[in-house]
Amino acid sequence: MSDTTSNLAKRKAFTDSMFRRLFWPTLVSAAGLAFGDVADALFVGIRLGKVGLATMSLVAPIYMIYNVLDVGIAIGASVKYTHSLGKGDAKKGIEYFSQMLMTAVAVSIIVAVVGLVFMPQILHMLGAGSERGALWMYTKEYLQIMFLGAPLTFLYFLLYYCVRCDDDEKLASAGFFIGYFTDVVASAVFIMGFKLDVRGAIYATVLGKAVGVCIFMFHFTRKWAILRFGFVKPDFKMIIDALQTGMASSFGYIGQFIALIVVNNILLRMGGDSALAQFNVVQDVSYVALAIYSALGDTVQPLCGTFYAEHNREAVRRVMQLGIIIGVFSGAAVAAVFAFFAPQICDLFGLEGSSISEGAFAVRLFCLSIIPAGLSITWSSCFQSIKRVRIVFLINQLRTFICFLAFALILSQFDIKWFWLTFFGAEVLTIAVWVPVCHSKKEAVSNNVFTYLLDNNSTDIADLLQKAEEFCDANNANAKQSYCVSICVEEICQAIIENAFKNQGNEYIQLTLCFEKNGNIVIHLRDNAVTFNPFSMNIGNDYEDDEQLASLGIQIVKKRSKQFFYRRYAGFNTLTVEVE
């Protein structure tokens with residue numbers, strides 16, 4: 001194996017390991033979300049039949065509005081938190097979290113009040129029918145409880161996304177999964193046992209959110225946790241900055257809200273409650289079928305955000321390569337399973353007679369859209385993390401609103417069985433539009449970034465220092481900066497090799513130097529040694545003590561650097577040092 005090939009394999013080892021560490025917990029979370037969403041419709045369908053499934057379809061647009069706000073706030077907070085820590089600025093990351101936590105609470109209270117006050121108007125807009133009808137009554141009962149539980153829902157998503165980005169993905173996934181598992185169990189008990197009908201579904205949902213929030217709170221008891229809440233004065237510039245990032249993807253739910261209302265009314269006209277019930281089954285299938293892509297998106301987002309902040313474009317590309325490979329193969333397998341068992345799925349949800357065969361046909365046509373939908377979802381998460389929010393906005397508006405609604409209106413002019421091609425047509429057209437747009441606006445490749453992979457061999461440090469000096473000279477660094485970079489790199493790498501490496505092979509340090517726009521040089525280091533923070537080494541005057549002697553060099557680093565930051569993230573030691 002050549003040196004270039006060997007170094008490439010070692011660099012991939014960092015990225016691949018971090019991807020695996022985040023992916024499996026997020027897959028558990030996504031599965032919990034999918035089955036939690038399905039459980040309500042499943043038990044309501046068994047209990048009430050078509051009118052119950054129709055009710056669940058009518059309330060779906062309100063969830064779209066929720067997702068615009070709660071997911072937008074959560075993603076915006078987590079992306080900004082990730083970027084801040086990636087740059088070594090934990091204080092700013094904590095401030096972003098605190099600002100968005102207060103925003104989430106305030107917005108959720110406003111949503112609850114507006115929803116309860118304007119309930120009749122909302123029901124009319126959703127098309128709930130006569131005020132004395134069963135559909136109106138069930139929808140009203142569901143929404144009343146849903147609005148009252150809004151604060152819990154907003155906190156649930158914000159804490160999940162931010163705790164996951166604070167190197168506690170296992171707790172985040174446990175809270176997310178247990179919350180939705182509670183929803184599933186409670187739905188069965190409330191709906192089938194206590195006969196609460198649709199009220200049981202939303203009671204279970206709110207209870208699940210409360211359980212999840214309680215679990216997430218354990219993160220703040222961990223001594224190593226960086227994330228915490230601090231009372232801060234509202235900073236609308238920071239809030240808007242985070243919202244712009246988060247809303248780029250979540251704002252697509254506004255279009256989806258409009259599209260769902262239009263489609264619900266189209267289906268009621270074309271096939272009545274039966275068509276609406278089939279549409280609900282397809283939606284529930286989509287929750288499970290696309291869960292793998294939700295997990296991939298939740299894995300891609302913090303990793304790409306971290307690597308982007310470190311100017312490690314090679315790692316960003318590797319993350320996306322893994323995401324696409326997993327997405328294509330797993331998506332094909334999931335589509336095949338759902339297509340094969342489509343009749344049994346429709347029967348399970350309470351469809352009867354001819355509705356089963358019609359629903360199975362609808363599910364099979366939907367399965368054609370799984371892979372193209374997944375590709376757009378995964379890439380959207382990456383674009384959001386690397387600050388290409390316009391592409392994110394375009395993708396989500398196309399697939400959930402513009403293309404979806406266009407195909408729905410066109411295909412509604414034909415027999416209803418062809419209406420179900422709406423999903424496939426929308427996803428394929430979306431890709432056909434955003435891919436050329438994305439490639440027409442490629443990000444410029446920066447020449448002010450230097451990377452180096454150092455083995456557990458201290459003799460290689462001389463080569464590293466020489467190349468780092470050449471890099472500084474090529475970018476017109478002043479003498480002070482070049483000296484500080486050399487001191488920082490040498491002392492930190494030497495401390496890691498001598499104190500954390502065990503000379504067992506496959507031990508290495510990945511270093512990245514980059515010139516920021518403000519003229520400062522930022523040093524990013526990641527190593528696969530045991531947990532070791534050079535900045536916490538023992539300080540003293542005993543020159544016969546190896547650790548105290550080595551710590552003198554680290555003290556020089558601290559004095560020479562503008563700021564320094566250490567954290568253990570995704571199984572690796574990560575350090576950031578900024579030099580003026």
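**A kinked helix in the core**

Let's start with helix α2, which has a kink of about 30° centred on N67 (the bend at a residue is the angle between axes fitted to the seven residues ending there and the seven starting there). Keep in mind that this is a predicted model, where local features need pLDDT of at least 70, side-chain atom pairs count only at pLDDT 80 or more, and totals for chains, interfaces and linings use all residues. Residues are numbered from 1 along each chain as its sequence is written, and side-chain values use heavy atoms, leaving out hydrogens and water.

Helices here are DSSP runs (H or I, at least four residues), numbered from the N terminus. With its 37 residues, α2 spans 50 Å from first C-alpha to last, close to the 54 Å expected at 1.5 Å a residue (that's 1.5 Å times one less than the number of residues). Just after α2 comes G88, with a positive phi near 85°.

So where does α2 sit? Because 32 of its 37 residues are buried, α2 is largely enclosed by the rest of the structure (buried means under 20% relative accessible area with a 1.4 Å probe, protein chains only).

Now for the largest nonpolar core (buried Ala, Val, Leu, Ile, Met, Phe, Trp, Tyr and Cys joined through side-chain atoms within 4.5 Å). Among its 149 residues, I62, Y142, L143, L158, V281 and W420 touch the most other members. Helix α2, residues 50–86, gives this core its largest share, 17 residues. Take Y142: leaving aside residues up to four places away in sequence, Y142 touches D40, M56, V59, Y63, V198, A201 and I202 (contact means heavy atoms within 4.5 Å). There's also a second, separate core of 39 residues, including C493, A500, I554 and Y566.

Terms used: Buried means under 20% relative accessible area, exposed over 50%, partly exposed in between (1.4 Å probe, protein chains only). Helices (H or I, at least four residues) and strands (E, at least two) are DSSP runs, numbered from the N terminus.
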